[in-house]
Amino acid sequence: MMNFLVKTLANAGALAVAVWLLDKITLTGDSTGKEIGTLILVALIFGVVNLLVKPFVKLLSLPLLILTLGLFTLVVNALMLLLTSWLADQVDLSFHVDGFWTAVLGALIISVVSWALNVVLPDGD
């Protein structure tokens with residue numbers, strides 16, 4: 001349970017950095033508390049998408065992953081971020097990613113920041 005909490009907080013932090021760095025990834029709220037709550041809920045959605053959908057998409061795109069020596073993973077990550085944005089919109093969360101190339105850059109930022117936070121934050125095991 002602690003590992004899940006740490007990964008969710010790392011995702012929330014990585015999403016916050018992407019929102020802060022990129023103008024076309026938006027998170028709005030009436031107050032800071034509401035924005036933090038929205039960020040945590042979006043991080044949960046992002047975690048579920050990465051857990052359930054991403055392995056299936058990676059399996060289907062295996063030939064492209066091999067052909068591009070893994071660089072197609074950036075595209076898969078961008079698609080997961082766009083799916084997270086769409087799902088957040090469906091449940092009335094104020095998180096939006098505007099465009100594919102913004103999603104690619106956002107996914108790259110989220111991957112790097114999430115990796116760094118997972119290195120720094122304690123592991124629940």
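Is L69 buried or exposed? Let's zoom in on that residue and a few other spots in this predicted model.

**View 1. L69 sits in a loop between two helices.** Here you're looking at the stretch that links helix 4 (62-67) to helix 5 (72-90). L69 counts as exposed because its relative accessibility is 78%, and the cut-off for that label is over 50%. Check the backbone too: phi of L69 is near 55°, a positive value, and this residue isn't a glycine.

**View 2. D92 is found in the loop between helix 5 and strand 2.** Follow the chain out of helix 5 and towards strand 2 (95-97), and you'll come across D92 in the loop. D92 isn't a glycine either, yet its phi is positive, at about 60°. With a relative accessible area of 72%, D92 is exposed.

**View 3. The largest nonpolar core is made of 26 residues.** Want some landmarks? L15, I25, V42, L81, F95, V97 and I110 have the most contacts inside this core. Helix 1 (2-21), strand 1 (25-27), helix 2 (32-52), helix 5, strand 2 and helix 6 (100-120) are the elements that each put in two or more residues. Helix 2 gives the largest share, with six residues.

**View 4. A close-up of I25 and what it touches.** Which residues does I25 touch, if you skip those up to four places away in sequence? They are A18, V19, L81, F95, H96, V97, T102 and G106. You've already met I25 in the previous view, as one of the residues with the most contacts inside the largest nonpolar core.

Key: Residues numbered from 1 in each chain as written. Predicted model: local features only at pLDDT ≥ 70, side-chain atom pairs only at ≥ 80, totals over all residues. Heavy atoms only, no water. Helix = DSSP H or I, 4+ residues; strand = E, 2+ residues; numbered from the N terminus. Buried < 20%, exposed > 50% of the residue type's maximum accessible area, 1.4 Å probe, protein only. Core = buried A, V, L, I, M, F, W, Y, C linked by side-chain atoms within 4.5 Å. Contact = heavy atoms within 4.5 Å.
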